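Got the viewer open? Here is a short tour of places to select, one stop at a time.

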Amino acid sequence: RTLYVLTTDHGVTSFPEFTRWKGRMGGRARGDSVALAAEVALEQRYSRRFGIDFNNGLLYGDVPALREAGVNVDSLASALASGLARHSGVTRIYTPRTLAAADTADLDAMRWRRSIPSDFPWLAAASLAPGYIWSFSPSATTHGTTNRDDVLVPIAFMGKGITPGKHTTRARTVDIAPTLAALLGVKPTEAVEGRVLAEVVKQP
């Protein structure tokens with residue numbers, strides 16, 4: 001009577017060098033130089049460190065400390081965003097202010113909104129073109145972008161009552177909960193974002 005639902009936590013982007021060899025667009029982008037330059041400049045001016053750092057498209061730091069020192073955080077975020085935007089492969093760039101105002105049709109913005117906790121002290125976020133990754137090592141590939149290759153994952157339902165089969169229709173991880181509720185015959189007690197996967201729930 002046990003039902004297993006398996007998925008992965010992320011996808012992966014292929015080696016950019018291989019992607020280019022296949023005739024498609026791809027490359028490696030770095031944002032750590034922008035973070036390092038900002039940290040050095042701020043430390044020289046204020047004689048303290050603010051933890052400015054960069055990882056997988058997100059540039060962050062000790063925002064409360066920056067405000068305490070009298071730094072205009074919005075202006076700093078805009079300057080850092082401009083620095084990231086100059087890197088090859090960057091297609092979209094956001095600051096906390098612009099991300100909050102982004103249209104819901106902006107898929108990259110919506111993925112960043114769902115990725116960044118509301119209390120996380122970030123300054124700028126950048127999205128890359130398909131085939132690009134945040135990396136400087138030619139001997140490795142990685143994940144962490146808002147691109148399709150990184151966010152699409154397989155989902156497998158296995159157990160009693162599940163008809164064997166493979167489906168290529170689009171499904172999302174948020175569809176798991178409402179599908180499980182339908183299989184159990186219960187109604188969610190609050191609004192859910194996902195939908196019931198009809199391929200799994202075949203019975204009335």
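Select Arg30 to begin: in this predicted model, its relative accessibility is 39%, so Arg30 counts as partly exposed. Now add Asp32, the partner of Arg30 in a salt bridge whose closest N and O atoms are 2.6 Å apart. Asp32 is partly exposed too, with a relative accessible area of 30%.

How many salt bridges does a search of the whole structure find? The answer is nine, and a few of them are on our route.

**Next stop: Asp74 and Arg97**

Show the side chains of Asp74 and Arg97, which meet in a salt bridge at 2.4 Å, N to O. Asp74 sits in helix α4 (residues 73-85) and Arg97 in helix α5, so this pair ties together parts that are 23 residues apart in sequence. Is Arg97 buried or exposed? With 56% relative accessibility, Arg97 counts as exposed, while Asp74 is partly exposed at 36%.

**Then: Asp108 and Arg92**

Move on to Asp108, which forms a salt bridge with Arg92; here the closest N and O atoms are 3.5 Å apart. Because Asp108 lies in helix α6 and Arg92 in strand β5, the pair ties together parts that are 16 residues apart in sequence. Asp108 has 14% relative accessibility and counts as buried; the cut-off for buried is under 20%. Its partner Arg92 is partly exposed, at 40%.

Stay here and color all of helix α6, residues 107-115. Which residues in α6 are buried? They are Asp108, Ala109, Met110 and Trp112. To see what these buried residues pack against, switch on β4, β5 (90-94), α5 (96-101) and β6 (122-128). Now zoom in on the start of α6, where a side-chain oxygen of Asp106 comes to within 3.3 Å of the backbone nitrogen of Asp108.

**Over to Tyr60**

One of the elements you just switched on was β4, so follow that strand (residues 58-60) to Tyr60. Tyr60 counts as partly exposed, at 23% relative accessibility. Leaving aside residues up to four places away in sequence, Tyr60 touches Gly51, Ile52, Asp53, Phe54, Asn55, Phe120, Pro121, Trp122 and Leu123. Try a distance label as well: the C-alpha atoms of Tyr60 and Pro117 are separated by 12 Å, with their positions 57 residues apart along the chain.

**Two loops with a positive phi**

Step back to the loop between β3 and β4, and pick Asn56. Asn56 is not a glycine, yet its phi is positive, at about 50°. Its relative accessible area is 25%, so Asn56 is partly exposed.

For another positive phi, go to Ser47 in the loop between α2 (32-46) and β3 (53-55). Phi of Ser47 is near 55°, again in a residue other than glycine. Where Asn56 is partly exposed, Ser47 is exposed, with a relative accessible area of 66%.

While you are in this part of the sequence, select Glu39, Glu43 and Arg49, which are linked in a network of salt bridges.

**Last stop: a nonpolar patch**

Finish by turning on the surface and selecting Tyr4, Leu6 and Met158. What do these three form? Together they make a nonpolar patch on the surface, with about 310 Å² of accessible area. Leu6 belongs to strand β1 (residues 3-7) and is partly exposed, with a relative accessible area of 44%.

Methods:
Residues numbered from 1 in each chain as written. Predicted model: local features only at pLDDT ≥ 70, side-chain atom pairs only at ≥ 80, totals over all residues. Heavy atoms only, no water. Helix = DSSP H or I, 4+ residues; strand = E, 2+ residues; numbered from the N terminus. Buried < 20%, exposed > 50% of the residue type's maximum accessible area, 1.4 Å probe, protein only. Contact = heavy atoms within 4.5 Å. Polar contact = N/O pair within 3.5 Å; in protein donor to acceptor, adjacent residues only side chain to side chain. Patch = residues over 30% accessible without salt bridge, like charges linked within 9 Å, V, L, I, M, F, W, Y side chains within 5 Å. Areas by Shrake-Rupley, 256 points an atom, 1.4 Å probe, with all protein chains shown as cover. Salt bridge = Lys/Arg side-chain N within 4 Å of Asp/Glu carboxyl O.
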